[in-house]
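The exercises below ask you to read a protein model step by step. Try each task with the sequence and the structure in view before you turn to its solution.

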Amino acid sequence: MELNQVDIHYLIAAICVISSALVFYTIGVWGERLQKKLKLWHIIFFLLGLVSDAVGTSLMEHIAKLTHLHDEIHTVTGTIAILLMFVHASWAIWTYVKGSAEAKRHFNRFSIVVWCIWLIPCTSLIMVDLFISNSCYVL
């Protein structure tokens with residue numbers, strides 16, 4: 001299926017926003033891991049990643065409806081990723097506000113697990129998007 005100009009603009013926006021989610025979330029998770037303690041700026045990056053992922057997923061859903069290329073697997077994995085990020089960010093906020101110093105030091109174990117699970121739908125969505133955008137230019 002060939003994408004029109006509007007579809008391509010949505011696709012570019014979606015790729016940029018989801019890539020931003022990857023950057024924000026990675027900085028938050030690995031910053032926390034390297035500093036060995038949960039800090040406020042880590043939570044800010046978790047939340048920026050969450051918002052970016054939600055916006056990017058919404059754009060992807062819109063593209064799927066416009067192009068009739070709806071894929072249930074990506075819808076489900078994208079939703080799971082957002083829910084997982086939401087739980088992670090919520091738990092981070094709770095740990096930061098009410099958790100003990102030890103809880104703040106050990107929170108990174110949970111962060112790494114969530115980040116690894118989140119990478120699966122994130123990278124699969126990026127790969128599908130790159131495949132679709134590259135197929136637009138095949139003559």
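**Exercise 1. The whole chain**

What percentage of the 139 residues of the chain count as buried? Work out, too, which secondary structure elements the chain holds and how its contacts are spread along the sequence.

Solution. Begin with the kind of model: this is a predicted model, with a mean pLDDT of 82 for the chain and 83% of its residues at 70 or more. Next, apply the burial cut-off, which is a relative accessible area under 20%; of the 139 residues of the chain, 38% count as buried. The secondary structure comes to four helices and zero strands, and from the N terminus on the order is α-α-α-α. Then turn to the contacts with a separation of 6 or more, of which 78% are made by residues 24 or more positions apart. Finally, look at the outside: the chain exposes about 8000 Å², and carbon and sulfur atoms supply 72% of this area.

**Exercise 2. Confidence and helix length**

Find where in the chain confidence is lowest and where it is highest, and then compare the reach of α2 and of α3 with the expected span.

Solution. Confidence is lowest in α4, at a mean of 76, and highest in α2, at 89. A general caution belongs here: where pLDDT is low, the predicted coordinates should not be read in detail. For the lengths, start with helix α2 (residues 40-67), whose 28 residues reach 41 Å from the first C-alpha to the last, close to the 40 Å expected at 1.5 Å a residue. Helix α3 (residues 72-98) has 27 residues and reaches 38 Å between its first and last C-alpha, close to the expected 39 Å. After α2 comes H68, whose phi is positive, near 60°.

**Exercise 3. The core**

Which helices supply residues to the largest nonpolar core, and which of them gives the most?

Solution. First establish the core itself: it has 25 residues, and those with the most contacts inside it are Y25, V29, L38, F46, A92, W115 and W118. Each of α1 (5-35), α2, α3 and α4 supplies at least two residues of this core, and α4 gives the most, with seven residues. Now take one of the residues just named, W115, which touches Y25, T26, V29 and W30 when residues up to four places away in sequence are not counted. As a last step, list the buried residues of α3, which are H74, G78, A81, I82, M85, H88, A89, A92 and T95.

**Exercise 4. Two serines**

Are S111 and S52 buried or exposed, and which residues does each of them touch?

Solution. S111 lies in helix α4 (residues 101-135), and S111 counts as buried because its relative accessibility is 0%. Leaving out residues up to four places away in sequence, S111 touches V29, E32, F46 and H88. S52 is found in helix α2, and its relative accessibility of 11% is the reason why S52 counts as buried. With neighbours within four places in sequence set aside, S52 is in contact with V17, S20, A21 and F24.

**Exercise 5. Aromatic rings**

Describe how the rings of F107 and F110 are arranged, and state which residues ring pairs link into a cluster.

Solution. A search of the whole structure finds eight aromatic pairs. F107 and F110 form one that is edge-to-face, with 5.9 Å from centre to centre and 70° between the planes; the angle meets the cut-off of over 60 degrees for this class. Both residues lie in helix α4, three residues apart, about one turn of the helix. F107 counts as buried because its relative accessibility is 3%, whereas F110, with a relative accessible area of 22%, is partly exposed. Elsewhere, ring pairs link F24, W41 and F45 into a cluster.

**Exercise 6. An unusual phi**

Where does K36 lie, and what is the sign of its phi?

Solution. K36 lies in the loop between α1 and α2, and K36 has a positive phi of about 60° although it is not a glycine. In general, most residues other than glycine have a negative phi. K36 counts as exposed because its relative accessibility is 57%. To end, compare R109 in helix α4, which is exposed, with a relative accessible area of 53%. The C-alpha atoms of R109 and K36 are separated by 9.8 Å, although these residues are 73 residues apart along the chain.

Conventions:
Residues are numbered from 1 along each chain as its sequence is written. This is a predicted model: local features need pLDDT of at least 70, side-chain atom pairs count only at pLDDT 80 or more; totals for chains, interfaces and linings use all residues. Side-chain values use heavy atoms; hydrogens and water are left out. Buried means under 20% relative accessible area, exposed over 50%, partly exposed in between (1.4 Å probe, protein chains only). Contact means heavy atoms within 4.5 Å. Accessible areas come from the Shrake-Rupley method with a 1.4 Å probe; for residues, only the protein chains shown count as cover. The expected span of a helix is 1.5 Å times one less than its number of residues. pLDDT is the predictor's confidence in each residue, from 0 to 100. A nonpolar core is a set of buried Ala, Val, Leu, Ile, Met, Phe, Trp, Tyr and Cys residues joined through side-chain atoms within 4.5 Å. Rings of Phe, Tyr and Trp (its six-membered ring) pair if their centres lie within 6.5 Å; planes under 30 degrees apart count as stacked, over 60 as edge-to-face and the rest as tilted.
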